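I opened the model to look up a few things: cores, cavities, helix packing and odd backbone geometry. The entries follow in the order in which I made them.

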Amino acid sequence: MNTTERLEKQEIGHAKKGLLYGVASGASWGLSGVVMSIAFGMAPFTEGVSLLLAPIVGAAMHDGLAGLWVFLYNLINGKWREYGRTIRTKPGMLVCLAACFGGPIGMSGYMLGITLAGPSYALAITAIYPAIGAILSVFVLKEKISVRTWIGILLSIAGVMVVSWVPPDAGMYPYFYAGIALACLAAIGWGTEGVISGFGMDMVDPEVAVGIREAASFSVYFVAIIPIMFGVVGYQMIAAAFTTTSLWIILIAALLGGGSYICWYKAINMTGAARAMALNITYALWSVLFGWLLIGTEITPTLIIGGLAITCGAILVGANPKELINLRSK
Amino acid sequence: MAVKLPLRFRILYLMSTKKDSVKSEDIMKELESDYGTEGQFKKKAMDGHLISMRALGLIEIADVSIDEKDELIEEYKISELGISRLKYLPKEYKRA
């Protein structure tokens, strides 16, 4: 093997690792969601005076605690000093902006969508976010996306819709259409997050970016969203959660969620925003699998068909790592 | 220079000041005095930064060879995209 071949092999290896991080981000996000749903079934989240309180407070705590886990991780790998240095730069500020789209807009929209329209619809709609992100990344990041990758992204999205589709139950979800609208908002938020972070993270270390992202997201929840939407009651629920077992469950979900974000941002850095997002939505499939293992969610034929579509889509996205060597068109 | 840059910014800045291409080892040597005491300052992490920055198009491979230990040695230089990103550096790092 000559030098050029060895270099190519090494670069393909790097790109392939990026694809693996993308899949790992989906799996850990799926598991984190299932663990969060266990927490939402416990006190104090079952005692909310408003339908919206528990999902928002839960999302805020998830991001805050995930930020803490990521900080611990960066403390160990010697990157904690990078937080302050990075946040003073423009790309660092872009990471904070991305956090606002992903956390308070994306995550809140998703959680509210689940509450108001049911998990199936919220999941199916938010899974469109890679398509939104892919369109944006072609224009903003000048990423190269082949026809095959596009087919893969669309197939994955179709699969998520098949997995999640059940007829709406008007009796259970009186605010169904508001929930759908919020889920759409979440998809736009997440798509934008992926693209902005892809832009800022040329220069920012992905592990540091996630740390800043989680901290920024939590801060916006804590000083703006919670007081504006709920006032003191929101803080009371956080305080109450700290004295119950649900805290431990959220700590586990946050560990998985933080890990998922590290994998996702690393994948964006190594394999490009569009592909990373397409692999990230395999979370819909993983959440079904983990839901079946942990809380006994039923496996139906549509789940299997949709699951196959998601998997085939993901394979198409990552099928030819050779074209991943140069993420951008010249 | 007053503010210490995030490591990746500093790598890019360093390359912008060099006429010749640089190896991972050269960068480690040059940045030792500023970042040497930090846990993140490891050869493996440095190689990781460089390979990601190349995939993203901030830097380019100038030359590649195999050393006596049969290891692949890449030499990098800053790319046009990388030069355009220098605008994000703080004032004191900007060159006329």
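**Core contacts**

I started at Ile11(B) and set aside its neighbours within four places in sequence; the remaining contacts are Ile27(B), Leu31(B), Met46(B), His49(B), Leu50(B) and Met53(B). I note here that the model is predicted.

I then asked which residues of the largest nonpolar core touch the most other members. They are Ile11(B), Met15(B) and Ile27(B), in a core of 97 residues. The element that gives the most to this core is H11(A), with 11 residues. I also found a second, separate core of 7 residues, with Tyr121(A), Tyr173(A), Phe176(A) and Ala183(A) among them.

**Cavities**

I looked up how many cavities of 30 Å³ or more the structure holds. There are 3, and the largest has a volume of about 100 Å³.

I listed the lining of the largest cavity. From chain A it takes Trp29(A), Tyr129(A), Trp190(A), Ser260(A), Tyr261(A), Trp264(A), Asn280(A) and Tyr283(A). By class I have 6 nonpolar residues, 2 polar ones and no charged ones. Helix H11 of chain A, residues 246-271, gives the most to this lining, with 3 residues.

**Helices H10 and H12 of chain A**

Which residues of H10(A) are buried? In this helix, residues 232-241, I noted Gly234(A), Met237(A), Ile238(A) and Ala241(A). Seen down the helix axis, the buried residues of H10(A) fall within an arc of 100°, so they line one face of the helix. I checked what they pack against, and found helix H2 (53-76), helix H9 (206-229) and H11 of chain A.

I went on to H12(A), residues 273-280. Here 8 of the 8 residues are buried, so the helix is largely enclosed by the rest of the structure. I wrote them down as Ala273(A), Ala274(A), Arg275(A), Ala276(A), Met277(A), Ala278(A), Leu279(A) and Asn280(A). Arg275(A) is thus on the buried list, and Asn280(A) also appears in the lining of the largest cavity.

**Backbone geometry**

I kept the general rule in mind: most residues other than glycine have a negative phi, and most peptide bonds are trans. I have two entries to set against it.

The peptide bond from Ala43(A) to Pro44(A) is cis, with omega near 0°. I placed Pro44(A) in the loop between helix H1 (3-40) and H2 of chain A.

Asp70(B) is not a glycine, yet has a positive phi of about 60°. I found Asp70(B) in the loop between strand E2 (59-66) and strand E3 (72-78) of chain B. Is Asp70(B) buried or partly exposed? Asp70(B) has a relative accessible area of 48%, so I entered this residue as partly exposed.

**Separations along the chain and in space**

I looked up two pairs of C-alpha atoms.

Glu92(B) lies in the segment after helix H4 (80-85) of chain B. Glu92(B) and Val3(B) are 89 residues apart along the chain, and their C-alpha atoms are separated by 8.5 Å. I logged Glu92(B) as partly exposed because its relative accessibility is 38%.

Gly171(A) sits in the loop between helix H7 (147-164) and helix H8 (176-200) of chain A. Gly171(A) and Tyr261(A) are 90 residues apart along the chain, with 36 Å between their C-alpha atoms. I logged Gly171(A) as exposed because its relative accessibility is 69%, where exposed means over 50%.

Conventions: Residues numbered from 1 in each chain as written. Chains lettered and ligands numbered in written order. Predicted model: local features only at pLDDT ≥ 70, side-chain atom pairs only at ≥ 80, totals over all residues. Heavy atoms only, no water. 1 Å grid on protein atoms, 1.4 Å probe; cavity = no way out; pocket = protein on both sides within 12 Å on 5 of 7 lines; lining within 4 Å. Points joined across faces, edges and corners; volume = space filled by probe spheres on them. Helix = DSSP H or I, 4+ residues; strand = E, 2+ residues; numbered from the N terminus. Nonpolar A, V, L, I, M, F, W, Y, C, P; charged D, E, K, R; others polar. Buried < 20%, exposed > 50% of the residue type's maximum accessible area, 1.4 Å probe, protein only. Core = buried A, V, L, I, M, F, W, Y, C linked by side-chain atoms within 4.5 Å. Contact = heavy atoms within 4.5 Å. Arc of directions from axis to C-beta.
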